[in-house]
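Got a minute to look at a fold together? Here is a quick tour of its charges and a bit of its sheet.

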Amino acid sequence: MGAAFAVVAAQPAFAEDVAICYNCPPEWADWGGQLKNIARDLKIDVPQDNKNSGQTLSQLLAEKDNPVADVAYYGVSFGIKAKEEGVVADYKPANFDKIPAGLKDENGAWFAIHSGTIGLFVNTEALGGAPVPQSWSDLLKPEYKGMVGYLDPSSAFVGYAGAVAINRAMGGSLDDFTPGIEFFKKLKANDPIVPKQTAYARVLSGEIPILIDYDFNAYRAKYKDEASVAFVIPTEGTVAVPYVMSLVKNGPHADNGKKVLDYVMSDAGQAHWANAFLRPVIASAMSPEASEKFLPAAEYERSQPVDYAKMAEVQAGFGERYLSEVR
């Protein structure tokens with residue numbers, strides 16, 4: 001009896017005031033700051049979680065009959081797949097009607113909370129005197145041997161988004177990934193570094209001088225960590241992609257999960273993303289001060305959206321080709 005009581009007593013008293021988010025990494029998109037805001041304003045504890053998008057979907061599928069998470073955050077193609085697999089519930093959070101068409105499931109199975117633009121996150125001091133690369137093609141030059149990093153595109157959404165951008169820049173399409181695969185084969189000869197998780201700290205340390213990544217990570221390094229960093233939108237063009245959230249079907253703390261989703265979509269939650277250098281899905285949340293920290297609008301004209309549903313549909317096929325032909 002005493003031992004059993006000890007186990008019960010060890011449970012925290014506030015256990016019900018939690019919400020479990022899969023893929024809310026503190027070092028990414030300033031989730032760390034947003035989770036603190038949620039704890040302060042909602043009195044709901046959301047533990048940090050360092051999964052990537054692919055790991056999140058895999059876990060949701062594995063736990064389908066006994067869900068652990070309440071909400072999930074992932075790249076848009078994974079949100080579309082989560083709906084298809086039946087692991088998320090419909091929920092329309094605060095400001096749902098203001099989310100542009102194409103950036104939400106009409107019933108709320110997934111919805112964009114913010115977006116990022118793919119480019120080159122460069123530690124200028126770690127280039128060993130080489131110039132800052134300006135194009136995708138530059139990455140194949142011998143002077144950048146061992147300097148280029150990208151997240152595993154068969155698992156991490158940012159890696160796949162980078163592959164979509166490169167493939168289109170090289171003349172490919174969502175129906176033809178061969179130009180992108182050929183690029184990655186050539187890049188492999190230049191000894192790239194291919195981590196599975198966010199590699200922010202490794203760019204700041206200089207271990208990865210050039211990372212194919214989002215603008216918001218580079219701006220954070222420049223303005224928050226005051227690092228010697230440049231963000232480059234490659235001359236051949238790139239893509240802007242949304243990150244989305246969903247309410248997990250039959251999550252154990254569903255009401256708290258809904259409150260968290262309402263919060264991140266509220267005016268205050270959206271302004272937090274803008275101040276963390278992400279483009280909030282509610283455009284009015286972007287202040288002039290936040291906007292000034294981004295590259296000029298003319299640079300962003302090289303960034304084009306893609307058909308996100310199609311991007312989700314062809315993702316697995318690209319991943320298989322990458323694993324068999326490149327890795």
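What follows is a short report on salt bridges, a charged patch and one strand.

Keep in mind that this is a predicted model. The salt bridge count comes to 13, and three of the pairs are listed here.

| Pair | Closest N to O | Accessibility of each residue |
|---|---|---|
| Arg220 and Glu27 | 2.7 Å | Arg220 17%, Glu27 42% |
| Lys145 and Asp191 | 3.8 Å | Lys145 46%, Asp191 42% |
| Arg321 and Glu325 | 2.8 Å | Arg321 25%, Glu325 31% |

Take Arg220 and Glu27, which meet in a salt bridge. Arg220 sits in helix H8 (residues 215-223) and Glu27 in the loop between strand E1 (21-22) and helix H2 (31-42), so the pair ties together parts 193 residues apart in sequence. Arg220 is buried, while Glu27 is partly exposed.

Lys145 and Asp191 also pair up. This pair links distant parts of the chain, 46 residues apart, with Lys145 in the loop between E4 and E5 and Asp191 in the loop between helix H6 (178-188) and helix H7 (200-204).

Arg321 and Glu325 are both in helix H14 (residues 315-325), four residues apart, or about one turn of the helix. They belong to a salt-bridge network with Glu182 and Lys185.

Then there's the negative surface patch, made by Glu84, Glu85, Asp307 and Glu313. Asp307 is in the loop between strand E10 (303-304) and helix H13 (308-313), and is partly exposed at 46%.

Is strand E6 (residues 210-214) mostly covered or mostly open? Mostly covered: five of its five residues are buried. E6 runs antiparallel to strand E4 (residues 111-123), joined by five bridges, with Gly119 opposite Asp213. E6 runs parallel to strand E5 (residues 148-150), with three bridges, and Tyr150 stands opposite Ile212.

How values were computed
Residues numbered from 1 in each chain as written. Predicted model: local features only at pLDDT ≥ 70, side-chain atom pairs only at ≥ 80, totals over all residues. Heavy atoms only, no water. Patch = residues over 30% accessible without salt bridge, like charges linked within 9 Å, V, L, I, M, F, W, Y side chains within 5 Å. Areas by Shrake-Rupley, 256 points an atom, 1.4 Å probe, with all protein chains shown as cover. Salt bridge = Lys/Arg side-chain N within 4 Å of Asp/Glu carboxyl O. Lys, Arg positive; Asp, Glu negative; His and termini not counted. Charge placed at Lys NZ, Arg CZ, Asp CG, Glu CD. Helix = DSSP H or I, 4+ residues; strand = E, 2+ residues; numbered from the N terminus. Buried < 20%, exposed > 50% of the residue type's maximum accessible area, 1.4 Å probe, protein only. Pairing = 2+ DSSP bridges.
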